[in-house]
Structures are given as C-alpha cells and as structure tokens.
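Colleague: Please choose one part of this model and take me through it closely. I should like the cut-off behind each term stated once.

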Amino acid sequence: MKIKSILSPELITTSLKSSTKEGVIGELLDILVAQKKIKNRDEVYTALMDRERKMSTGIQHGVAIPHAKTRAVTQLVACIGLKPEGIDFDALDGEPSKIFIMTLSPIDRVGPHVQFLAEVSMVIQTQEARERLLLAKSAKDVLSVFGI
Amino acid sequence: MAHEMMILALQLGVILVMTKISGWLFSRKLHQPKVLGELVAGMVVGPYLLGAIPLGSLGPLFPPVAGTIPVSPELYGIATVGSILLLFTSGLETDLPTFLRFSGKASVVGLGGVIFSFLLGAGITVLLHPSVHSIMDPEALFLGTICTATSIGITARILGESKKISSPEGVTILAAAVLDDVISIVLLSVVVGISIVKLDGGSIAWSGIGVVAAKAVGFWAICMIVGIFAAPHLTKRMKGFESLGVMAEISFGIALLLAGLSEMAGLAMIIGAYIAGLSFSQTDVSAEITERVKAVGEYFIPVFFAVMGMMVDFSAVGSVLGFGIIFSVIAFAGKLVGCGLPALFVGFNLKGAFRIGSGMLPRGEVTLIVAGIGLASGAIGPDMFGVAVMTMLLASIAAPPLLVQSFKGGSGYRKQLEEPVQSHMVTLELEFPSERAAEFVRRSISDAFRSEGFFVRTMEGSVRSWQIRKEEMVFVLRRSAERIEVIGRQEHEAFVRLLLMETLVDFQEFVDSLKSMEQPEMMGAGLLLNMFAKQQSSDS
C-alpha cells in the first residue's frame, strides 16, 4: 500500500480550528467533501461517530485515527489534520490529541485498509516524527514526514 | 480416428477404475503407498498380461505397440500430462526457503549418488557381461546412466502421502533427486554423443557434447532464477482476475509451457514442471493453486503410474533374470551408499542418511527415458532394456516400504544443526470467557484478514491452527480452548494490533445487539407453540 497514492497536499490541514471531537471530525470531513472524495457527508459523519461511541480512536501520544467503513466511498480515502494545542478526544492514555489521521474504507470490498492505517501509524510511532509533524507549517512539511 | 479415441476412452476408464481400486487396496489393506498399487494395476491390465487378451470383435484392449513404448501415443500423452501434474504439485508443495537452504547438501548427496551409481552400474556390466570389455563401451555407459536417475515422482508421492516433503530429509531427497535427473540427462546427452561416435567407429567430439551439457545446465539455472523472481509478480497480476480457479489454471498452463521448453532444451519435461511448481510455491496463493491442481492430478497421475507398470515386458525380463537381479542390487547399493554416505558429512545422522539413501532408490521416468533412448540408438538390446525396467520395478517396489519404514522415529538431522527459534517473532494473545466465544472471534479475525486481501488456510495436520498469508506477510493464528494467539513478525505487529482491535469492536457491537434481543427461550417457546398449532389444525 502506497501512502503516496492516498495522501496529497489538498487532503492535509495544519491548523484545525475546532476544540471538540465532533468539530474536528466535521472539519476533516469538510476537507474530503471539498476534494469530492465522499458523496454523503451526513452518512459518513454518523458512521465515524458510531465508531467513536464503540471505542475512542484516540490512541496514544496525541495521535487519533478516526476511521469507519462506509458505502459513501468506493475506495480508501484519507486526510490528515493537526491541532498542536491538542483537544480532548477521549484518548486511551488520557492525553490531549494533536495529530488526526482520518481514513474511510468501503464496505464489502477487499483491500489493505487496516494495513494502510498500520503503515501510517508506524511512521509516527517515534516521538521525533510526531514532533516534526506538529512543527509543520504546510501540507508539504507534513508529507515530508511520511517520506513523500 | 474415432476408433482410436474410443479405445483411449475405454483404456482410461479401465486404468482409472483399476488404479483406484488397487491403490485403495495397497494403502488401506496392505499399508503400502498407493503408487505401488497403481504400478501393479498397470502391469496387470497392461499389454503384457491381461491387456493382450482379445475381447471379441474389439480385439485386445491394450494391444502391444511396436517400439520402446508398448502403449498407444495417445495414452502415453495422457500419462505425460499426469507426470507433469505430479511434478508441478511436488514443486508447489516444496518449501522453497528450505529447498534453497538444503540445495548445497542436496548437491553433495545428488552428485555422490550419481558418481557412485554410475561407476558401479558400468563396472558390474563390464564384469558380468561377456561382450562388454571397457567402461567406455556404449552398453556399459548406458547401464551406468540407468543407475543414476532417481524417480522423483515415486519419492514425492510417498513423501507427500506421509507429509514429509518439507522435512530436512524430504527436501534434501527432492532437491537431490531433481539434481540427479538433471545430471542424468546431461550424462545421457554425453553418453549418447559417445555411443553414436563409437557405434560409427569414429572418435569422440567432446566439444559437441560439452555444448549439449552446458545447454541443459544453463536452462535449469536460468529457469530457476527467473521463476523464483517472476512468480510473486505474476500472481500479484493474476489476482486481478479475482478468481483462484483462473489463477490455478493459468499456473498449470505455465507449468506445461515450461515443461515443453525444458524438453526443447534437452532436459526432461518433468524438470520444467517441477521448476514451475517450485517458483509458485513461495507465493501467497500456493496453497490455493496446489489444492486445485491436486484435484485434477487425482485423475491423471494414476494413469502415469499405470502406464509405467504397462512397460514391463515379462518375457524380455525372463532371459536376463540373473543379471537383472544382481544389477538391481548393485543399483540399490549405489544409491544407498552413494547418497547416504555424503549425507552423513552434511549434517544428517545415521537415521537421516538411511532415509536419504532409501528416498533416492526409486527409479522411474528418467530411467525409462534413458533406457528407451539406448534401445532406440542400438546401444543396448531388448534384454538390457528389460534389465533397466526390472531395476526400475524392483527399486520402485522395494523402496516405498523401506522409505515409509525409515521415516518412523525421531529427527534424522543432527541436533546442533537444527534451526534456531526465530527471535523477531511477536505473539499477541487474547483470552475469552468460553471456547465458543473464542471460536466466534477467531472466525471474525479470519474474515477480517480476508477482507484485507489475505489468504487463510488450515495448517496441515492441525484443526486449530491457520496460516494467514499475503505476499511477504505471513501470520499464524491459533486457538487453544479459550485463548487466541496471532504470531507474526515484529514489523507487522501494529497491523495485527489494529486488526484485532477492529474485530473486538465489532464483537462488542454484536454482544450489545444480543443483549437487546428478545429472550431466546421465548422465541423457542413460540416455535413449539406454532408446531402444535399446525398439528391441531391438521387433526380437525
């Protein structure tokens, strides 16, 4: 799975405005809508929030990976948002979340969806990579952390 | 033409019915490998026994055909497809990393066997045959070469039946047998070259023989290298068909192509088929291809063995019985010692060396090819062809029980050489309150892997272990009672953690939905009430 084939500068924001889980997820969805990556925003929002209700996708060290399976996409789509100040995302370690990587994958379609999530997570597993990401001023800086 | 095809259909029908019954009898009642039953079935129904009896206006079902092969070209063609299928599946079932790891040892074993057998075979011919005076005599050369080839087919079938193909001995035997066949064919081309010149009364042109030999070895090496690198890319492309059936069928097509090319290069077809199998063996779809090809093989492979049995001309063997027996014993000794002894020096203990020696005993297709060419070129007569067939037969009958017996007991590999446990593996464990819950989640985990494009299959000899594979990613999933384990390489740990987490989140949702379900016993009561309601209405 090539991260490069999924991510592009238009799918990245370094300055999320919202300070709530709902707000951040909404903002990230707006990016995907603007890039015509998803058809039905409301359906996707519901799917993402359902997933959050089952178990928060805020994992550790300020990283959150909101994701869901939905019929609103026909192939894997992803976007990245940064909020250096951090927000409460009900993270498993209780820390505020700062790096948000959202992925949406189609239902009933075989593909390396979790594998993509794992690959992205692996890139930012070191503190150094996360710090570089949070210092990013532009989408290009963010992509360079992923080696793109 | 229609008459020939009708005969072919009848022949194949008889062969299939007889080999299946005889194979069943040998494996279930006599506890011998099926292949022996198939060989014997071929001898019994073949042109030199029952097959020669005329059946009214139809005539004999297996009329002896003039030439070196006593069956019709059509039937021999089907048998050839069987041998290609057999070697293709043998290649597919070989564990390539183990094969490569043991190829050095196999070269030593194979070469030892070839040199020792050749010298013994040619030597005994010079010693006992009144008209042969030198080891360079065509007859001595041919009989020496006849001793060298191992029937990888028979050995592979026995190893496959007893699930020993991937053991250190199994891989060494198969790799050495393949090398043996390659060396034998190279040797054959050299011997044919010398014989032709000798029979014509001229001197030997070593350069011409060298070219033939180099071509054979070059083809083998190039195909192995290209195959091993190309197969994963090829299967990746073929996944686009979204049909495992189509993939298996195309793969077999490639095996047939390689078999043909192999013959063109002066090697036996079975070698190309084996290389094709070996190349696909390391891809993530090897198990799926094997399963499908094996199903087809069940129909064609017995035909191959039956036809081998049919080649035995009992009358030709009769006149040279004494020499044949001595020659067979010598051929046995040549392989047992020639392969067993070098095995002792490359890490096997006595038990392992004996296993390897017995595994190299069976003679088969290449022996017949060598003998057939010898007969056709006039280098050997029908009597010596009979000796070759006898050697093949005795070895093929004696080797399977010996091989099966030899594989009983512990490892044949010296302890200090056994592979160390891999340290970069990670095990993730989950524990559930009941076996049923664990099994439910285990199935969900398998499904989750499948939806990521992985192939999941039950591991051989186990009911609770699964191998999960996609390209270079390999995991083992195990369930023991309430516990589930996923074992994989460290670099894939994050992926497994995320996948397990998603499966558990789904499981949680399922549990919640169960909680909201109406009382199951009420549902049951409803079902029973409905049953009685129907009975009442039918009463009235």
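Modeller: Two strands pair if DSSP finds at least two bridges between them; strands (E, at least two residues) and helices (H or I, at least four) are DSSP runs, numbered from the N terminus. The model is predicted, so that local features need pLDDT of at least 70 and side-chain atom pairs count only at pLDDT 80 or more, while totals for chains, interfaces and linings use all residues. Residues are numbered from 1 along each chain as its sequence is written, with chains lettered from A and ligands numbered from 1 in the order in which they are written.

The part I have chosen is the sheet of chain B. It is an open sheet of five strands in the order β1-β5-β4-β3-β2, and the pairing is antiparallel. Its edges are formed by β1 (425–431) and β2 (455–458) of chain B, each of which pairs on one side only. Direction ignored, neighbouring strands are turned against each other by 20 degrees on average.

From the β2 edge, the register can be followed inwards. The antiparallel pairing of β2(B) with β3 (residues 465–470) of chain B extends over four bridges. Within this pair, V456(B) stands opposite I468(B), and T458(B) has W466(B) as its bridge partner. On to the next strand, β3(B) and β4(B) are antiparallel and share six bridges. One of the pairings here joins S465(B) to R478(B), which lies in β4(B). The hairpin of β3(B) and β4(B) has two residues between the strands, and in it E471(B) adopts a positive phi near 45 degrees.

The sheet also carries a helix. Helix α18 (residues 493–515) of chain B lies across β1, β4 (473–480) and β5 (483–489), and runs at about 15 degrees to β1(B). Such angles run from 0 to 180 degrees between N-to-C directions, and the axes are lines fitted to C-alpha atoms, for helices over the stretch in contact.

To set the sheet in its chain: chain B contains 19 helices and five strands. Of its 540 residues, 45% are buried, that is, with 20 or more other C-beta atoms (placed from the backbone) within 10 Å of their own. Contacts (C-beta atoms, so placed, within 7 Å) with a separation of 6 or more in chain B are made, in 75% of cases, by residues 24 or more positions apart.

Among the helices of chain B, α3 (residues 73–93) packs with α11 (residues 286–310) at an angle of about 140 degrees, and their axes are 7 Å apart. Helix α14 (residues 350–359) of chain B is mostly covered, with eight of its 10 residues buried. These are G352(B), A353(B), F354(B), R355(B), I356(B), G357(B), S358(B) and G359(B).

Chain A, the partner of chain B, has six helices and five strands, which follow the pattern α-β-α-α-β-β-β-β-α-α-α along the sequence. Of the 148 residues in chain A, 37% are buried. For contacts in chain A between residues at least 6 apart, 68% join residues at least 24 apart. Where the two chains meet, the contact takes 12 residues from chain A and 11 residues from chain B. Helix α4 (residues 113–123) of chain A supplies the largest share of the side of chain A, seven residues.

Methods
Buried ≥ 20, exposed ≤ 12 C-beta atoms within 10 Å, placed from the backbone.
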